[in-house]
Amino acid sequence: MAEFDQYHRWENQIRELRIPHWSELPKFDLYMDQVIAFINDALGPLGVDPMTPAMINNYVKHQVILSPVKKKYQTMHLADLLLIGLLKPLFSTDTIRNGIDQVTAGDFPKQAYDNFVDALNDALAHIGEQHDVKVATTLNEKLMQVAIDAVISRIQSEKLLTMIQKPARRVKKI
């Protein structure tokens with residue numbers, strides 16, 4: 001029962017977390033080490049694996065994100081990297097890039113990002129609770145909703161697994 005109480009305390013902590021909106025992202029260009037710190041600070045509390053310079057360089061090399069301008073990353077880079085960090089454990093980078101491109105084709109990147117963050121922050125605020133979710137009226141909204149549900153389910157399942165896993169017993173050789 002104590003483990004279940006511990007899980008509820010974790011849920012309460014998660015309900016307080018917020019992914020930053022576009023207006024809360026830095027308005028000045030950042031170098032790689034600053035980008036890494038920003039992304040990992042924003043996503044770390046959700047249990048997301050830390051992003052590394054090698055990962056970001058790979059995203060640039062494979063055109064998942066745009067190349068930095070004079071080794072400096074802009075707001076659009078940060079938004080893309082936050083989304084990639086959240087979605088990478090669930091989807092391939094090609095699928096993530098296609099999803100971002102699809103959603104931003106019908107909406108400005110700032111608005112599309114904020115819509116996703118609003119829905120994600122709402123889901124985080126109600127993690128573990130039954131609550132009314134805005135009904136999707138377009139395929140893009142449904143795509144975002146399904147992705148958010150997957151992120152929330154992954155966060156919860158990983159936390160539950162770490163809490164219930166018992167260390168493997170070593171068998172003594174005779």
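Here are some short exercises, each with a worked solution, on the predicted model shown above.

**Exercise 1. Get an overview of the fold.**
Work out which kinds of secondary structure the protein has, and how far its C-alpha trace spans.

*Solution.*
Step 1: Begin with the elements. The protein has seven helices and zero strands, so from the N terminus on the order reads α-α-α-α-α-α-α.
Step 2: Next, look at the extent. The C-alpha trace spans about 60 × 45 × 25 Å along its principal axes.
Step 3: Turn to the surface. About 11,100 Å² is accessible, and carbon and sulfur atoms hold 56% of that.
Step 4: Finally, check the contacts. Among contacts with a separation of 6 or more, 74% join residues 24 or more positions apart.

**Exercise 2. Explore the core.**
Find out how many residues the largest nonpolar core has, and which element gives the largest share.

*Solution.*
Step 1: Of the protein's 174 residues, 37% count as buried.
Step 2: The largest nonpolar core has 48 residues, and Ile56, Leu86, Tyr113 and Leu120 have the most contacts inside it.
Step 3: Two or more core residues come from each of helix H1 (2–16), helix H2 (32–43), helix H3 (53–61), H4, H5, H6 and H7. H4 gives the largest share, with eight residues.
Step 4: Zoom in on one member. Leaving out residues up to four places away in sequence, isoleucine 56 touches Met32, Val35, Ile36, Met51, Ile65, Tyr73 and Leu81.
Step 5: Here is a general idea to keep in mind: in soluble globular proteins, nonpolar side chains tend to be buried together.

**Exercise 3. Describe two pockets.**
For the largest and the second largest pocket, give the volume and the classes of lining residues.

*Solution.*
Step 1: The largest pocket holds about 560 Å³ of space. Its lining has 22 residues, and Ala119, Asp122, Ala123, Val133 and Gln145 lie nearest the centre.
Step 2: Helix H6 (109–125) and helix H7 (139–164) are the elements that give two or more residues to this lining, and H7 provides the largest share, seven residues.
Step 3: Sort the lining of the largest pocket by class: nine residues are nonpolar, seven polar and six charged.
Step 4: Now move to the second largest pocket, with a volume of about 320 Å³. Leu87, Ile96, Gly99, Ile100 and Val103 are the closest to its centre among 21 lining residues.
Step 5: Helix H4 (75–87), helix H5 (93–105), H6 and H7 each supply at least two residues of the second lining. H5 gives the most, six residues.
Step 6: By class, the lining of the second largest pocket has 17 nonpolar, three polar and one charged residues.

**Exercise 4. Classify two residues.**
Decide whether glutamine 145 and glutamate 3 are buried, partly exposed or exposed.

*Solution.*
Step 1: Find glutamine 145 in helix H7. The cut-off for buried is under 20% relative accessible area. Glutamine 145 has 17% relative accessibility, so this residue counts as buried.
Step 2: List its neighbours. Not counting residues up to four places away in sequence, glutamine 145 touches Val133, Lys134 and Ala136.
Step 3: Find glutamate 3 in helix H1. With a relative accessible area of 40%, glutamate 3 is partly exposed.
Step 4: Compare sequence and space. Glutamate 3 and lysine 61 lie 58 residues apart in sequence, and their C-alpha atoms are 44 Å apart.

Methods
Residues numbered from 1 in each chain as written. Predicted model: local features only at pLDDT ≥ 70, side-chain atom pairs only at ≥ 80, totals over all residues. Heavy atoms only, no water. 1 Å grid on protein atoms, 1.4 Å probe; cavity = no way out; pocket = protein on both sides within 12 Å on 5 of 7 lines; lining within 4 Å. Points joined across faces, edges and corners; volume = space filled by probe spheres on them. Helix = DSSP H or I, 4+ residues; strand = E, 2+ residues; numbered from the N terminus. Nonpolar A, V, L, I, M, F, W, Y, C, P; charged D, E, K, R; others polar. Core = buried A, V, L, I, M, F, W, Y, C linked by side-chain atoms within 4.5 Å. Buried < 20%, exposed > 50% of the residue type's maximum accessible area, 1.4 Å probe, protein only. Contact = heavy atoms within 4.5 Å. Areas by Shrake-Rupley, 256 points an atom, 1.4 Å probe, with all protein chains shown as cover.
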